[in-house]
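Subject: Structure for you to look at

Hello,

Here is the structure I said I would pass on. My notes on what turned up in it follow below.

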Amino acid sequence: MEIDIMKKNTETSSDFSIGEVLHGLNGYFKYLKANIIYILFFAVVGAILGFVYANNKRPIYTAVTTFVLEDSDRGVGQYAGIASMVGIDLGSSGGGIFQGDNILELYKSKKMIQKALLTKVQVTGSKELLIDRYINLNNLREKWSATDLAQISFEDRSMSKPINAKLLRIQDSLINVFVNDINTNYLSVGKPDKKLNLIKAEVKSSDEIFSKNFNDQIVKNVNDFYIMTKVKKSTQNIEILQQKTDSVRNVMNGSISLSARITDATPNLNASKLSLRAIPFQRSQFSGETNRAILTELVKNLELSKISLRRETPLIQVVDEPVFPLEIIKFGKIKFSLLGFIISASIICLYLFIKRLVLISLADDL
């Protein structure tokens, strides 16, 4: 009996709660209907604001460079095998800064972006720093007009001229802000497909010239930095080997010349004084033979080192690069008008809902 009573009470309570919810929703919709004029007014205002925003918003120009990292081990495997047979290891080009996602971080590093910003590009018959182009793009000169930054220049910085400590600190602070902004709003680097070794560097801005030239420079900077880093040690080794090879070759040539001069100096030598010719001649001949053997090994090592350098030199194959005119992203006026209409209508409906809840709560308290 008690169980039946509890079950009935539960069902009654459940029905009553659902009924209250439906009643409340019905009352809310009636409340919105009563205020339909206000809702439509604010929705139309939102649509107008969306239209004005889309109309005044400058189009976005997108510069994209797509490239693959070429496998440098191909084509030199046979030379590596030959080198290993004579006891010389050409090393391995595996690993390095372009492995995995390191290249993506390298593109976003301050050093690469700063170098790109401080590069001069040809613009309408004259050269201009990309950092000045970025400043004009964001109307920073106007914002700085009432400050000491209004006349700041990065010309000396781009030419690596001496700069006083105070100006250098200001420039570094501004460059840090620019780098963060570019990483956040302008530059994006990634792999379109994780299974492929394809990398895409993309620059978006409202300045077509800035987008293309900055994209070109950042890609060039990363490529140059990579090549310089990967082959620096091998290049130094080749320079040392080349210097030693030239030195030994000069000594060997000197010994050959000395042997000839000794023979010419004693054309009709007395048989009892053959030592005057034989001793210096044999010394010179021994020195020449010794240097010839050394030169043979040096030349072999030099050529193998050049093969190793070729093996380690990275090859980046560009698939697509930006060309004028760039792809344009325009802001649709109808799209933003509709979006403004929906957002404004949603905000005013939420406001009316909260207002009704507050009024009901106050009425219950009274």
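**Thr245 and its surroundings**

Thr245 is located in helix α10. Please keep in mind that this is a predicted model. The relative accessible area of Thr245 is 1%, so the residue counts as buried, the cut-off being under 20%. Its side chain reaches the backbone oxygen of Leu241 at 2.7 Å. Setting aside neighbours within four places in sequence, Thr245 is in contact with Leu295, Leu298, Val299 and Leu302. Between the C-alpha atoms of Thr245 and Ile294 there are 8.6 Å, although these two residues are 49 residues apart along the chain.

**Nonpolar cores**

The largest nonpolar core has 39 residues. Tyr107, Leu117, Phe154, Phe178 and Phe214 are the residues with the most contacts inside it. A second core, separate from that one, has 9 residues, among them Val231, Leu241, Val248 and Met252. Leu241, a member of this second core, is also the residue whose backbone oxygen is reached by the side chain of Thr245.

As for Phe214, not counting residues up to four places away in sequence, it touches Ile113, Ala116, Leu117, Leu130, Ile182 and Val203.

**Aromatic rings**

How many aromatic pairs does a search of the whole structure find? There are 7. One of them is formed by Tyr134 and Phe210, with 6.1 Å centre to centre and 40 degrees between the planes. That pair is classed as tilted, because 40 degrees is neither under 30 (stacked) nor over 60 (edge-to-face). Tyr134 belongs to helix α6 (residues 130-137) and Phe210 to helix α10 (residues 208-265), so the pair ties together parts that are 76 residues apart in sequence. Tyr134 and Phe210 are both buried.

Ring pairs also join these two residues with Phe178, Tyr186 and Phe214 in a cluster. Phe178 and Phe214 appeared above among the residues with the most contacts inside the largest core.

A ring also takes part in a contact with a charge: the charged end of Lys212 sits over the ring of Phe324, 5.5 Å from its centre.

**Thr62**

The other threonine in my notes, Thr62, is part of strand β1 (residues 60-70). With a relative accessible area of 6%, Thr62 is buried. Apart from neighbours within four places in sequence, its contacts are Glu202, Val203, Lys204, Leu326, Glu327 and Ile329. Val203 is thus listed for Thr62 and is also touched by Phe214.

Regards

Note on methods: Residues numbered from 1 in each chain as written. Predicted model: local features only at pLDDT ≥ 70, side-chain atom pairs only at ≥ 80, totals over all residues. Heavy atoms only, no water. Phe/Tyr/Trp six-rings, centres within 6.5 Å; stacked < 30°, edge-to-face > 60°. Helix = DSSP H or I, 4+ residues; strand = E, 2+ residues; numbered from the N terminus. Buried < 20%, exposed > 50% of the residue type's maximum accessible area, 1.4 Å probe, protein only. Lys NZ or Arg CZ within 6 Å of the ring centre and 35° of its normal. Core = buried A, V, L, I, M, F, W, Y, C linked by side-chain atoms within 4.5 Å. Contact = heavy atoms within 4.5 Å. Polar contact = N/O pair within 3.5 Å; in protein donor to acceptor, adjacent residues only side chain to side chain.
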